[in-house]
Structures are given as structure tokens and as C-alpha cells.
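Open the model in your viewer and keep the selection panel at hand. This tour goes stop by stop.

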Amino acid sequence: MKTVLTVDDSRTMRDMLMMALKDAGYNVIQAEDGVHGLETLKAHGADVVITDINMPRMDGFGFIEGMRADPEYRGTPVLVLTTESDAAKKQRARDAGATGWIVKPFDPVKLVDAVRRVAA
């Protein structure tokens with residue numbers, strides 16, 4: 001079973017991700033911001049990461065950069081899930097090492113499809 005780490009400061013969003021991914025057969029671990037995300041990743045590992053951009057303590061860009069700095073997670077797919085649709089932010093996320101971009105509110109079926117694609 002593949003493990004997905006979700007990093008989002010919104011409990012509601014974490015709960016929605018948990019339901020969509022668990023129903024699709026994924027093991028889900030959660031973090032509340034980028035700092036917690038890096039700690040959780042080191043402790044548990046993940047096959048795919050879904051992260052928000054706007055979070056306290058450390059935003060999604062910092063989280064992705066921190067994750068990519070660790071050789072173990074250089075190749076781990078990262079999907080950015082955010083309300084942002086700004087082209088400059090998308091480019092910055094890609095430059096940091098993001099694999100894909102999903103705009104909130106998300107469609108659970110499309111989200112699971114995206115996770116399946118990058119996890120393959």
C-alpha cells in the first residue's frame with residue numbers, strides 16, 4: 001500500500017484528503033505545516049506528497065525545497081493543492097521541485113487520478 005503525506009494547515013482540508021485517499025486504498029499521514037511536514041516525512045517516509053502553499057511556520061515552497069534538499073526525497077512526487085492559480089506561483093513551485101498543481105476546491109476523483117499517475 002502506498003503512503004501519501006498531506007501537508008495543510010486546514011483540518012477540514014486534511015479530513016477531506018484523508019477520506020478521498022483512504023477510500024482509494026492509500027495509507028495517509030498528515031502534517032499541519034511545512035515544518036511538521038518535514039518532521040513527519042523523516043519519521044514515516046511517503047510515496048507521494050500533497051502540500052498546500054499558504055501555511056504558518058513554513059509555507060509549501062519552503063517545505064518542497066526542504067524535502068528536495070534530502071537525497072532520499074529528491075524523486076518523491078509532490079502535488080501542490082492550493083487556492084492559488086497564479087502562473088508565477090506555479091512556476092516557483094515547479095522550480096522548487098513540485099510535480100503537479102491542483103486547485104482547491106478539488107474533485108476527489110481527479111485528485112486520486114493525479115496521485116495514481118505520479119505514484120506509478
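The radius of gyration used here is taken over C-alpha atoms, and the globule rule is 2.2 Å times the number of residues to the power 0.38. Note that this is a predicted model.

**Stop 1: the whole chain**

Select everything. For 120 residues, the rule puts a compact globule near 14 Å; the chain has a radius of gyration of 13 Å, which agrees. Along the principal axes, the C-alpha trace spans about 30 × 30 × 25 Å. Now colour by accessibility. Of the 120 residues, 50% are buried. The chain exposes about 6,000 Å², and carbon and sulfur atoms supply 50% of that area. For a contact map, take pairs at least 6 apart in sequence: 61% of those contacts join residues at least 24 apart.

**Stop 2: the secondary structure**

Switch to cartoon. You should find five helices and five strands. Follow them from the N terminus: the elements run β-α-β-α-β-α-β-α-β-α.

**Stop 3: the sheet**

Select the strands. In what order do the five strands form the sheet? The order is β2-β1-β3-β4-β5, the sheet is open, and the pairing is parallel. Go to the edges next. β2 (27-31) and β5 (100-103) stand there with a single partner strand each, so one side of each has no neighbour in the sheet. Look along the sheet for its twist, which averages 20° from one strand to the next.

Zoom in on β3 (residues 48-51) and β4 (residues 78-82). These strands run parallel, joined by three bridges. Pick Val 49: its bridge partner in β4 is Val 78.

**Stop 4: a helix across the sheet**

Add helix α2, residues 34-44. Which strands does α2 lie across? They are β1 (3-7), β2 and β3. Against β2, helix α2 runs at about 140°.

**Stop 5: two helices that cross**

Two packed helices are described by the angle between their axes and the distance between the axes. Select α1 (residues 11-23) and α5 (residues 108-119). Their axes come within 10 Å and cross at roughly 65°. Is the crossing of α1 and α5 left-handed or right-handed? It is right-handed. Show side chains at the contact. From α1, pick Leu 17, Ala 20 and Leu 21; they meet Pro 108, Leu 111, Val 112 and Val 115 of α5.

**Stop 6: backbone exceptions**

Most residues other than glycine have a negative phi, and most peptide bonds are trans. Two loops hold departures from this.

Start in the loop between β5 and α5, where Pro 105 lies. Select the peptide bond from Lys 104 to Pro 105. This bond is cis, with omega near -5°.

Then move to the loop between β3 and α3 (60-68), and pick Arg 57. Arg 57 is not a glycine, yet its phi is positive, about 65°. Is Arg 57 buried or exposed? The cut-off for exposed is over 50% relative accessible area. Arg 57 has 62% relative accessibility, so it counts as exposed.

**Stop 7: a glycine in a loop**

Finish at Gly 75, in the loop between α3 and β4. Gly 75 has 72% relative accessibility and therefore also counts as exposed. Draw a distance from its C-alpha atom to that of Ile 53. The two residues are 22 apart along the chain, and their C-alpha atoms are separated by 20 Å.

Conventions: Residues are numbered from 1 along each chain as its sequence is written. This is a predicted model: local features need pLDDT of at least 70, side-chain atom pairs count only at pLDDT 80 or more; totals for chains, interfaces and linings use all residues. Side-chain values use heavy atoms; hydrogens and water are left out. Two strands pair if DSSP finds at least two bridges between them. Helices (H or I, at least four residues) and strands (E, at least two) are DSSP runs, numbered from the N terminus. Axes are lines fitted to C-alpha atoms, for helices over the stretch in contact, and angles run from 0 to 180 degrees between N-to-C directions. Contact means heavy atoms within 4.5 Å. Buried means under 20% relative accessible area, exposed over 50%, partly exposed in between (1.4 Å probe, protein chains only). Accessible areas come from the Shrake-Rupley method with a 1.4 Å probe; for residues, only the protein chains shown count as cover. A crossing is left-handed if the near helix is turned anticlockwise from the far one by less than a right angle, and right-handed if clockwise.
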